[in-house]
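Student: I have a new structure open and would like to understand the words people use for it. Could you go through some of them with me?

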Amino acid sequence: MENQTVQAQELLSKWGLHNATVFRNPSVPLIYELSLSQPQSEDPTVRPDSINSTGALVAYSGKKCGRVPKDKRIIKDEVTERDVWWGDVNIGLSQDSYNEVEKIALEYLNNREKLFIIDGYAGWDSNYRLRIRVFCSRPYHALFMKNMLIRPTDEELKKDFSGDVDFYIFNAGPQIIQKPIEGIKSEGCVAVNLTERKMVILGTQYAGEMKKGVFGVTHYLFPKQGILTLHSSANEGENGDVTLLFGLSGTGKTTLSADPKRRLIGDDEHAWSDNGIFNIEGGCYAKCVDLSKEKEPEIYNAVRFGAVLENIEYYSEETREVDFTNISITENTRVSYPLEFIPGTKFPAQGGHPKNIFFLTCDAYGVLPPVSMLTPEQAMYHFISGYTAKVAGTEVGVKEPQATFSACFGEAFLALHPTLYANMLAEKIKKYDTKVWLINTGWSGGKYGIGQRMSLKYTRGIIDLIHNGELKDAEFENFPIFNFAIPRAAKNIPTQILNPRNTWKNPEEFDKQILELAEKFQINFKKYEDKATQEVINAGPKF
C-alpha cells in the first residue's frame, strides 16, 4: 500500500497536485467505506450516499441529473479546426479559456482531503484500446468509472499505467465556475482538449459526463485509424454471427439486444475495425425507470454490491428498497455495473464482422413497415438520419407525435461530420456483405392514439427469422415513397402487418401521413447534403 501511494504521488506531481491521501484503483469495499464516511456535501442538492437493500451503492449527482450538451466545449486549435464537425453539437473554446478551466479544476482537486485515481482501458481489442486515467474527489465517481472502463490486470497496470496514458479526465464536478470565462455561458463546463487529450468537468456531478466524454474521444481518434465508432448494442449467436442494434430512447434497443439465445457483447458503445467489432466499455449504464424483475431480469439482478444506483428514491429509508417507479428526482434514474454482472456476456467483449445490422425506430406515425431490407445507399441515408418519434408522456409539452432525428443514432457524441461515419459504414457493409434492416417497433394500424404498438412477439419473431437466414430469402416487394424492400410473407408473422397501409382502416389517411413523414426526412437531411453523395441523397423518400 505504501508503494502504491508513492506511485500515486508521482502521477499527481505531473499536474501540480500534492494531495496527502490518494487512493489509486481502490477496491470496491474500500470505495463503499469511503463513500459512506465522507462528510455532507456543501451542495444542499446532493444527499449523502447510502446502500440499498440489494447492496448497491446509492449516490446523488445534485441538481444536474443528466448530461448538459450546451455546456460541452471542444478546444479549437490548428488541428481540430480542420477536423471537428463544428456547430450546435461541438462548440469551440479557445486554448486560453481551456487553460483557465483546467486551472480551476486542478486547484479544486488539489484542495480535497482525499483524491481518487482510476485507470482503465477504452476498447476490448488490445490493438486499439486507449489507456484512460481519471482524477476525481467523489467516491461514487471512482466506482462508476471503475465499472465503466475496462479493468486492467495487475500486470497490465504495471505495464501500461506506470507513466503517461492516452487520455486524462479531471472531474471537479462539485466546483462551479465563479468568474467570467470567454466562451463559457454557465457555471458549468465539460471541456474536451482533443489535441492534448484531456477533459475537464466543472459544475456538474452527473457521472454520465465521464462515460460519454470517453465515447466522444473515441469518435475522434478511432476513425483516424480506420475504425468506425458506433452508438449501438451488440450480441452474438451460437455460430458466431454478430448483430449490431442501433436505436434512440424508447425504440427497444436494450430489450431486443438482451436475447436469451445470444451472448451479449455490449449494450451501448462499440467500434468496428478490420478485426471485427469490439465493445468500448467494461460496464453498462442502464436506465432504471420502471425497472422490474419480470420485464428486465438481467438488469434488475445487476443492482447489487459493486453497482452504482444514481438519483433514485427509496420506498422507505428503513428498508432501503428502491422504488423504480418514482421519478421525483429525475426520469433519468440510472444504474452502473460491470459487464460481469450480466449472465451470458461474452469475454473478451468482441466479435467478428456483423452479419446483420438493425436500425430500430419507434415510428409513432404508424407508416413505416415492421421490417425493411435496405440497400447500402439507403443504409447510409437512414444512418445519417437516425429517426424515431417522441410521443405524449415522454417529454413535457409533447401531445402529438414528434419526429426526432439524431445523426448516426448518437449525434451528441459525434466529433466528425456524420457523412464520414456513414461512408465508413457503407464501405464495411459492402466489404463484409452485412445486411442492414430497418425495424419499426412503433405503431401499426394508425398513428399514436389510434393504432396499436407493434407486438414485441412479432418483432422478436422477425429478428429470429433474420438471424436464422429465412427472411433474406423471402420474396420482397417495393414499399412506395421510401422505396424499401419489404417481405410479402414471413413465417408466423401476420401478412397484413408487413405492409402497414393494409392495417389502416382509412388508406387515404395513411397516404397523407406517409407523405408528412417523408417530408420531415427530406427537411432534416438538407443539413447534410453538402457532404453527401447524390446516390445517398437519392436513397431518401421521394414523392
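Tutor: Gladly; we will take the terms one at a time, bearing in mind that this is a predicted model.

Student: What makes the overall size of the chain agree with a compact globule?

Tutor: For 543 residues, the globule rule gives a radius of gyration near 24 Å, and the chain has 24 Å, so the two agree. Along the principal axes, the C-alpha atoms fill a box of roughly 70 × 55 × 45 Å. Within the chain there are 15 helices and 29 strands.

Student: How many of the residues count as buried?

Tutor: Buried residues make up 59% of the 543. The word applies to a residue with under 20% relative accessible area. In α2, the residues that meet this are Ile-31, Tyr-32, Leu-34 and Ser-35.

Student: What do the buried residues of α2 pack against?

Tutor: Their partners are β1 (21–24), β2, β3, β6 and α5 (139–148). A contact calls for heavy atoms within 4.5 Å. Across the chain, 72% of the contacts with a separation of 6 or more link residues 24 or more positions apart.

Student: Why are β2 and β17 said to stand at the edges of their sheet?

Tutor: The sheet is open, with 5 strands in the order β2-β3-β18-β19-β17 and mixed pairing. β2 (50–51) and β17 (283–287) each have a single partner strand, so one side of each is left without a neighbour in the sheet.

Student: How do you know that β3 and β18 pair?

Tutor: Pairing needs at least two bridges between two strands. β3 (residues 57–59) and β18 (residues 308–310) run parallel and are joined by 3 bridges, so the requirement is met. Leu-57 stands opposite Val-308 in β18.

Student: And what makes β28 and β29 a pair?

Tutor: They have 4 bridges, in the antiparallel sense, and at least two are needed, so they count as paired. Asn-478 has Ala-485 in β29 as its bridge partner. The two strands form a hairpin with 4 residues between them, and Ile-481 in the turn has a positive phi of about 70°.

Student: What is known about the second largest pocket?

Tutor: Its volume is about 800 Å³. The lining has 34 residues, and those closest to the centre are Ser-41, Glu-42, Tyr-108, Arg-112 and Pro-174.

Student: Which element supplies the largest share of that lining?

Tutor: That is α2, with 4 residues. By type, the lining divides into 10 nonpolar, 13 polar and 11 charged residues.

Methods
Residues numbered from 1 in each chain as written. Predicted model: local features only at pLDDT ≥ 70, side-chain atom pairs only at ≥ 80, totals over all residues. Heavy atoms only, no water. 1 Å grid on protein atoms, 1.4 Å probe; cavity = no way out; pocket = protein on both sides within 12 Å on 5 of 7 lines; lining within 4 Å. Points joined across faces, edges and corners; volume = space filled by probe spheres on them. Nonpolar A, V, L, I, M, F, W, Y, C, P; charged D, E, K, R; others polar. Buried < 20%, exposed > 50% of the residue type's maximum accessible area, 1.4 Å probe, protein only. Rg over C-alpha atoms; globule rule 2.2 N^0.38 Å.
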